[in-house]
Amino acid sequence: MKIRQLQALRAVVLTGTTTDAAHLLHLTQPAVSKLISQVEEELNVRIFDRRHGRLAITPEGKTIYGDVERILSQIDDLAAKTEDISALSGNAIRVGAMPALGFGLLPSALRRFSSEYPQVRCVVDIDTRGRIEDLVGVGHYELGFVTLPVQQERLTLTPLASVAAVCILPPEHPLACKSTVDADDLANESFVSVDPSILLRQRGDAVFGERRVNRRLRVQVSTTVLACNMVAAGVGVSIVHPLVALAFKSLVVVRKFKPAITFDYAILSRPGSPSRVTAAFQAAAVAQMGELIRVLNGAHPRGRKRQRAA
C-alpha cells in the first residue's frame, strides 16, 4: 500500500467528499476516487458509504482509519525531524502530559526552555497516565509529565513535586473569608466534580465520604481546567490541582483545603542518557516547577480582593 493512498483516505475523512479531498491534495477528483477504490480493494473492505452527496465512514472504516492516522502521523513526524536534521542538527522534542501538568506547568516551562533553545521544535500532547507511560516506553515521547503512581517500573522517574489539592470558590463566595476551607464547610454546596476515573475525584470522594459530608454534585467535567472555568462562572465550588488553580487565580478564589489531598508529580523518561535537548527541557521543567511551588506557598491565602489591593 502506498502513502498516497493513505493520504487520500485521510483527506476524504476530513473533508467528507472526494472533490474537497482532491483540492486538499492538489489532485483531480477521479484520482482521489481511484486511490480510495484501491485501498478498499487491497483491504477487501468497504470504507465509505455515500449519504446525501457526502462520504460517511463505515464502522470498519473507522477501525482502519485509526491505524492509518497513526501511520501518517509517524510519517509527518519523520518529515519534520528530517527538516530539523537539515536546519537544526536534529533538535526536536515531543512530550506528553496529563492535563493538570500540561496546563499548569508546561507553558511556563516551555517559555523558559525556548529562551535558551529558540531553534528547537517542540510538540506537546495531552494524554492519560497509561498512554503516556506506554508512549514514553516505546520512544514516542522523550518525556512524560504525570501524577503518580505509574505502573511501568522500567521507566526512569524524576520527582517534580508533592502538592496538595486546593479549594476554589467563585468571587464573593461566603467561604472566601477563610484562609483554609474544611471539608465540612462544603456540606450542601453546589460542587463541580471531575470524572470518577480521575485520581483527584477518587481521593476527594474518599475524604468527603469518611466525613459523611454531602455535597450537591451539580456538574461533572472531564478536567480540572473545565472545573476552574465552571467555578469562575459561578456554577459552584470545586477541589482541583493547585497548578491549574494558580493559572485561574485572577478569576477564582483559591484556598487551602483540609484535610490535605496530596499528589506527587514526576517526569517519566526511558532509561539511559538523554539527548542534550531532552535533558535541557527536563531541567527547565524542574526549575519552573520550583518557581511555581514557591508562588503556590504564598498564593493560597490570597483572594481576588487582596490581589486588587496589591
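Which residues of helix α6 are buried? In this predicted model, helix α6 runs over residues 106–116, and its buried residues are L106, S108, A109 and F113. When the helix is seen down its axis, these buried residues fall within an arc of 170°, so they line one face of α6. A general feature of helices helps in reading such a pattern: an α-helix has 3.6 residues a turn, so residues three or four places apart point the same way. On the other side of α6, R111 and S115 are exposed, and the reader can find both faces by turning the structure until the axis of the helix points towards the eye.

From a single helix we can turn to the nonpolar cores. The largest nonpolar core holds 63 residues, and those that touch the most other members are L105, F145, I168, L186, I239 and F257. Helix α11, which spans residues 276–299, gives the most to this core, with eight residues. There is also a second, separate core of 18 residues, which includes L6, I36, I47 and L72.

L175 is a useful residue to follow next, and it is found in the loop between β7 (166–169) and β8. Although L175 sits in a loop, its relative accessible area is 12%, and because the cut-off for buried is under 20%, L175 counts as buried. Leaving aside neighbours within four places in sequence, L175 is in contact with L169, V181, D185, L186 and E189; one of these, L186, is also among the residues that touch the most other members of the largest nonpolar core. L175 and V253 are 78 residues apart in sequence, yet their C-alpha atoms are 9.4 Å apart in space.

Charged side chains give another way to trace how parts of the chain are linked. As a general matter, side chains of opposite charge can pair when their charged atoms come close. The structure holds eleven salt bridges, and one of them joins R10 to E69, with the closest N and O atoms 3.3 Å apart. R10 lies in helix α1 (residues 3–15) and E69 in helix α4 (residues 59–88), so this pair ties together parts that are 59 residues apart in sequence. R10 counts as buried at 17% relative accessibility, whereas E69, at 25%, counts as partly exposed.

Another set of charged residues is centred, for our reading, on D182, D184 and R211, which are linked in a network of salt bridges. In the pair formed by R211 and D182, the closest N and O atoms are 2.7 Å apart, and this pair links distant parts of the chain, with R211 in the loop between α8 (199–210) and β10 (216–221) and D182 in strand β8, 29 residues apart. R211 also forms a salt bridge with D184, where the closest N and O atoms are 3.5 Å apart; D184 lies in the loop between β8 and β9 (190–194), 27 residues from R211 in sequence.

The members of this network can also be described by their accessibility: D182 is buried, with a relative accessible area of 16%, while R211 is partly exposed at 33% and D184 is partly exposed at 43%. Besides its link to R211, the side chain of D182 has a polar atom that lies 2.8 Å from the backbone nitrogen of D184. Not counting residues up to four places away in sequence, D182 touches R211, F257 and K258, and F257 is among the residues that touch the most other members of the largest nonpolar core.

How values were computed:
Residues are numbered from 1 along each chain as its sequence is written. This is a predicted model: local features need pLDDT of at least 70, side-chain atom pairs count only at pLDDT 80 or more; totals for chains, interfaces and linings use all residues. Side-chain values use heavy atoms; hydrogens and water are left out. A polar contact is a pair of N or O atoms within 3.5 Å; within protein, one must be able to donate a hydrogen and the other to accept it, and residues adjacent in sequence count only if both atoms are side-chain atoms. Contact means heavy atoms within 4.5 Å. A nonpolar core is a set of buried Ala, Val, Leu, Ile, Met, Phe, Trp, Tyr and Cys residues joined through side-chain atoms within 4.5 Å. Buried means under 20% relative accessible area, exposed over 50%, partly exposed in between (1.4 Å probe, protein chains only). Helices (H or I, at least four residues) and strands (E, at least two) are DSSP runs, numbered from the N terminus. The arc is that of the directions from the helix axis to the C-beta atoms. A salt bridge is a side-chain nitrogen of Lys or Arg within 4 Å of a carboxyl oxygen of Asp or Glu.
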